[in-house]
Amino acid sequence: MGIRDELQRVMRLQADYSAELTDAMRERGLAIRTSIPAYMRQIAEDLCTQARIPRAELLIEGGDGIGRKAHVPWVRFASRTHSPRATAGWYVVWLFREDGEGAYLALAHASTNNTAGGFVERSQEETSRLVGWAREVVAGDIVNDPRLLSELSLGNGKLAKAYERTTASAYYYPKNHLPSDEELIADMTYMARLLGDVYFGEHSQKYTKETSLEVISAVMAINEVTSGHARSGQGFGLTQVQRRAVELRAMEAAVEHFTSEGFDVVDTSANEPFDLIVRRGADTLYVEVKGTTGDLGDIVLTKNEVEHHLEHYPHNALFLLYEIALNKTLPTPTVLGGKTHLISPWMINSNLLQPIAYRYRLK
């Protein structure tokens, strides 16, 4: 017997689901609360290493409903600090389809809040924000592993739908094509690494008091320079080579866009506080180009960029390419795709500018 056999046992018992404590549900509960967690504890050291948490921090538990049996049972592992209970924080969790035809190993967030009045489902706005942020953190891994899914199909129940909405990424295992124990263990340790990235992202958010990955990366780099101390732990954001690849992809897309619109395009990024100057007849535009692997959100602007575009409005534009797919696994990072967001003319709203560093003159 191994974890593969226990997963298959739960899937088989799903066909006999009942909200009551039948013999089938009693057997399913034993697998969920005891057998599967026991197998996961055998690889606890590997899970902790990948998630970058101390051994004492690791929480492994299963649930199949208190009183009435849940149609979607689960087994999860998490940091006790980041996710002390299933209604709080991020974790990696086994989720079983209602019909028993398969199971998911998911990077997911708690789908409900535990309040004085009971469990309250998180709002669509909150879950969309949480999931979008986590997908941004692990975007490179999602792109590089075609097995990782961003959508689940657990069933039609309310809880199944809630789990689907709060999952950032997952592996799927059909009942009749479960891989070996070794492969399942490899997938769990890989998902532990993604969980560690999310936990580090949460730490970085609290440290910088920022939410955008681009801004967090800039703030942490500034803090490193001004403090004179290298950041401890894993870095956050992109390396210089990866950042350059993303920038070049954004420039390529911007040139393609303006050329297709009939503009003559000149790249001025090497020596001007704007990236492109584009001309079509008597029209001239100064274009700021930005690229990000994340969602449409904050961008970082230099003092010179802001001053230039304030001076040249309305003959200016902002071209942003976001959700760029970055493959970090190759010696030379590769990029592709991206979604375009264009503002032209671009009026910089001073109310939306927020300083992330100052120059202070002593004399």
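The legends below describe close-up views of a predicted model.

In this predicted model, local features need pLDDT of at least 70 and side-chain atom pairs count only at pLDDT 80 or more, whereas totals for chains, interfaces and linings use all residues. Residues are numbered from 1 along each chain as its sequence is written, and side-chain values use heavy atoms, with hydrogens and water left out.

**View 1. Surroundings of R97, in the loop between β3 (90–96) and β4 (102–109).** Helices (H or I, at least four residues) and strands (E, at least two) are DSSP runs numbered from the N terminus. R97 has a relative accessibility of 17% and therefore counts as buried, where buried means under 20% relative accessible area, exposed over 50% and partly exposed in between (1.4 Å probe, protein chains only). Its side chain reaches the backbone oxygen of S153 at 3.1 Å; a polar contact is a pair of N or O atoms within 3.5 Å, and within protein one must be able to donate a hydrogen and the other to accept it, while residues adjacent in sequence count only if both atoms are side-chain atoms. With contact taken as heavy atoms within 4.5 Å, and not counting residues up to four places away in sequence, R97 touches Q14, G102, Y104, S153, L154 and Y172.

**View 2. The ring pair of Y104 and Y172.** Rings of Phe, Tyr and Trp (its six-membered ring) pair if their centres lie within 6.5 Å, and planes under 30 degrees apart count as stacked, over 60 as edge-to-face and the rest as tilted; by this rule the count comes to 5 aromatic pairs. The rings of Y104 and Y172 have centres 4.6 Å apart and planes at 40 degrees, so this pair is tilted. The pair links distant parts of the chain, with Y104 in strand β4 and Y172 in strand β7 (residues 167–174), 68 residues apart. Y104 counts as buried at 4% relative accessibility, whereas Y172 is partly exposed, with a relative accessible area of 28%.

**View 3. The ring pair of F274 and Y286.** This aromatic pair is edge-to-face, at 5.0 Å centre to centre and with 75 degrees between the planes. It links distant parts of the chain, since F274 lies in the loop between β8 (264–267) and β9 (276–280) and Y286 in strand β10 (residues 283–291), 12 residues apart. F274 is buried, with a relative accessible area of 6%. Elsewhere, ring pairs link F258, F263 and F319 into a cluster.

**View 4. The largest nonpolar core, with L107.** A nonpolar core is a set of buried Ala, Val, Leu, Ile, Met, Phe, Trp, Tyr and Cys residues joined through side-chain atoms within 4.5 Å. The largest one has 59 residues, and those with the most contacts inside it are W90, W94 and L107. Helix α7 (residues 181–208) gives the most to this core, with 8 residues. Not counting residues up to four places away in sequence, L107 touches a set of residues that includes W90, V92, V138, M191, L194, L195 and V198. Apart from this core lies another, of 17 residues, among them A250, F263, I324 and L326.

**View 5. R147 between Y171 and D187.** R147 lies over the face of Y171, at 4.2 Å from the ring centre; a charge sits over a ring if NZ of Lys or CZ of Arg is within 6 Å of the ring centre and within 35 degrees of the ring normal. R147 also forms a salt bridge with D187, the closest N and O atoms being 2.7 Å apart, where a salt bridge is a side-chain nitrogen of Lys or Arg within 4 Å of a carboxyl oxygen of Asp or Glu. D187 lies in helix α7 and R147 in the loop between α5 (139–144) and α6 (158–165), so the pair ties together parts that are 40 residues apart in sequence. D187 counts as buried at 8% relative accessibility, and R147 as partly exposed at 40%.

**View 6. Salt bridges within helices α1 and α10.** The structure holds 21 salt bridges. One of them joins K303 and E307, with the closest N and O atoms 2.9 Å apart; being 4 residues apart in helix α10 (residues 303–312), they are separated by about one helical turn. K303 counts as exposed at 54% relative accessibility, while E307 is partly exposed, with a relative accessible area of 40%. Salt bridges that share partners join E6, R9, R12 and E27 into one network. Within it, E6 and R9 have their closest N and O atoms 2.7 Å apart and lie 3 residues apart in helix α1 (residues 3–14). E6 is buried, with a relative accessible area of 4%, and R9 counts as buried at 15%.
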